[in-house]
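Here are some worked exercises to try with the model open beside you. Take each task first, then follow the solution step by step.

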Amino acid sequence: MKIAIVGTGYVGLVTGACFAEMGMDVYCVDVDERKIEGLRNGVIPIYEPGLDELVSRNAQAGRLRFTTELRDCLDEVEVLFSAVGTPSDKDGSADLKYVLEVARSVGRYMSKYILVVTKSTVPVGTAQRIKQVILEEQARRGVDIKFDIASNPEFLKEGAAIKDFMSPDRVVVGVESERAQKLMSRLYRPFLLNNFRVIFMDVPSAEMTKYAANAMLATRISFMNDIANLCERVGADVNMVRKGIGTDVRIGGRFLYAGCGYGGSCFPKDVKALVKTASDHGYRMRILEAVEAVNEKQKSVLFDKLCRHFDGNLRGKKVALWGLAFKPETDDMREAPSLVLIDKLREAGCAISAYDPVAIPEARKRFPEGAVSYAKDIYEAVIDADALLLVTEWKEFRLPSWSVIKRLMATPLILDGRNIYDKTELEEAGFVYHCIGR
């Protein structure tokens, strides 16, 4: 089976590599010539554990090809996935210019039936806009070539994307015709050996499912951060509260961890887009408005704690940051809490020393050397620091040598933005320790 994936970003490249791993012939298409040339030479543009080996193996086997010309492969494929970016516009809505440009290209160049599948996260109704654009382009050519549209939203977690694709909780597919359903069933048949579910539904419901899932997860995070902030004021321990409610089978324990806010390419963007979609249809998503507000405030929680500790006098203080990416196992810094934190620390006159296992190259694009000093490891970052702020819970941060860190720091102060350390242990080691919700 031959398929095309348009867009070689996070979703597109993982999708293409995983389908190729299952034996399909895959064309990965992107207008970025440098990115395509890099991929042909084995240069992976994103950090995702295991992806480089997967891409290399399938490219060498001839199942994974890279091109800048959709026109060259359109006649060969049965299914085309659109996996281009849908960034937030100024008003919070999803910018669909890349999605619609893919549709225009399909309409201009198609010569036989094709199933056009939206993999990008798009507002409800986008598939119908895609259909209309393809029909308009066909009309300009004076042709009437059959095609179908479908929605197949991704539910990949950065840092575990390959596992999520190969062994997903479920696959959601929105279709309009029996032909499209048969094609998608055939496409996912190799994965059925893992006994997961393919859930077929109408296209608008599939489009909404993606937004609803991310909005629910974002809501759980902001809810627990709100509870954590209240716990601090009343003397409760948010970790105990989390265990207490997480064992309730109606609630469950996942996504109930308090911290310094969520970030990334999905939750912030999708919450904004869903709020805007509701507004466009005369409805207010009051819960999601609050979710977004709580999260934005939470990104300042470590800075606020630092200010209180030093009575608002931060000028000249050296602050060490452990973690820059929005979560472990990725170099993605989009909407990361570290961005807000660094801006506030710089504005307050602090010197910043930061370390992250993989996100430093990405951070340098946003904060050049001089604005932030980048350390080669966790210990170099804390030399002469007045405070250590844990921002991202990378595994290598879990069990450092606290005796070494205490000797290196100017002031033994730790602000744990992810609640991964033991308060008693650190206080016995001579540190002043603050975390979230305790």
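**Exercise 1: The cavities**

Thr 118, Ser 120, Thr 121, Val 122, Ser 151, Asn 152, Pro 153, Ala 206, Glu 207 and Lys 210 line the largest cavity. The model is predicted, so local features need pLDDT of at least 70 and side-chain atom pairs count only at pLDDT 80 or more, while totals for chains, interfaces and linings use all residues. Residues are numbered from 1 along each chain as its sequence is written, and side-chain values use heavy atoms, with hydrogens and water left out.

Task: Describe the lining of the largest cavity by class, and then do likewise for the second largest cavity.

Solution.
- Begin with the terms: on a 1 Å grid over the protein atoms alone, a cavity is a set of points where a 1.4 Å probe fits but cannot get out, and lining residues have an atom within 4 Å of a point. A volume is the space filled by probe spheres set on the points, which are joined across faces, edges and corners.
- There are 2 cavities of 30 Å³ or more, and the largest holds about 40 Å³ of space.
- Sort its lining into classes: 3 residues are nonpolar, 5 polar and 2 charged. Here Ala, Val, Leu, Ile, Met, Phe, Trp, Tyr, Cys and Pro count as nonpolar, Asp, Glu, Lys and Arg as charged, and the others, Gly among them, as polar.
- Helix H9 (residues 203–234) gives the largest share of this lining, 3 residues. Helices (H or I, at least four residues) and strands (E, at least two) are DSSP runs, numbered from the N terminus.
- Turn to the second largest cavity, with a volume of about 30 Å³. Its lining is made up of Tyr 262, Pro 268, Val 271, Lys 272, Glu 292, Asn 295 and Glu 296, which divide into 3 nonpolar, 1 polar and 3 charged.

**Exercise 2: One helix, two sides**

Task: In helix H8, which residues are buried, and which are exposed?

Solution.
- Apply the cut-offs: buried means under 20% relative accessible area, exposed over 50%, and partly exposed in between (1.4 Å probe, protein chains only).
- Within H8 (residues 178–188), the buried residues are Ala 180, Leu 183, Met 184, Leu 187 and Tyr 188.
- Look down the axis of H8: these buried residues fall within an arc of 125 degrees, so they line one face of the helix. The arc is that of the directions from the helix axis to the C-beta atoms.
- On the other side of H8 you will find Glu 178 and Lys 182 exposed.

**Exercise 3: An aromatic pair**

Task: What kind of aromatic pair do Tyr 355 and Phe 397 form?

Solution.
- Recall the rule: rings of Phe, Tyr and Trp (its six-membered ring) pair if their centres lie within 6.5 Å; planes under 30 degrees apart count as stacked, over 60 as edge-to-face and the rest as tilted.
- Tyr 355 and Phe 397 lie 6.2 Å apart centre to centre with 65 degrees between the planes, an edge-to-face pair.
- Tyr 355 belongs to strand E10 (residues 351–355) and Phe 397 to the loop between strand E12 (387–390) and helix H17 (402–408), so the pair ties together parts that are 42 residues apart in sequence.
- Tyr 355 is buried at 9% relative accessibility, and Phe 397 is buried at 0%.
- Both rings belong to one aromatic cluster, formed by Trp 322, Tyr 355, Phe 397, Trp 402, Tyr 421 and Phe 431.

Note on methods:
1 Å grid on protein atoms, 1.4 Å probe; cavity = no way out; pocket = protein on both sides within 12 Å on 5 of 7 lines; lining within 4 Å.
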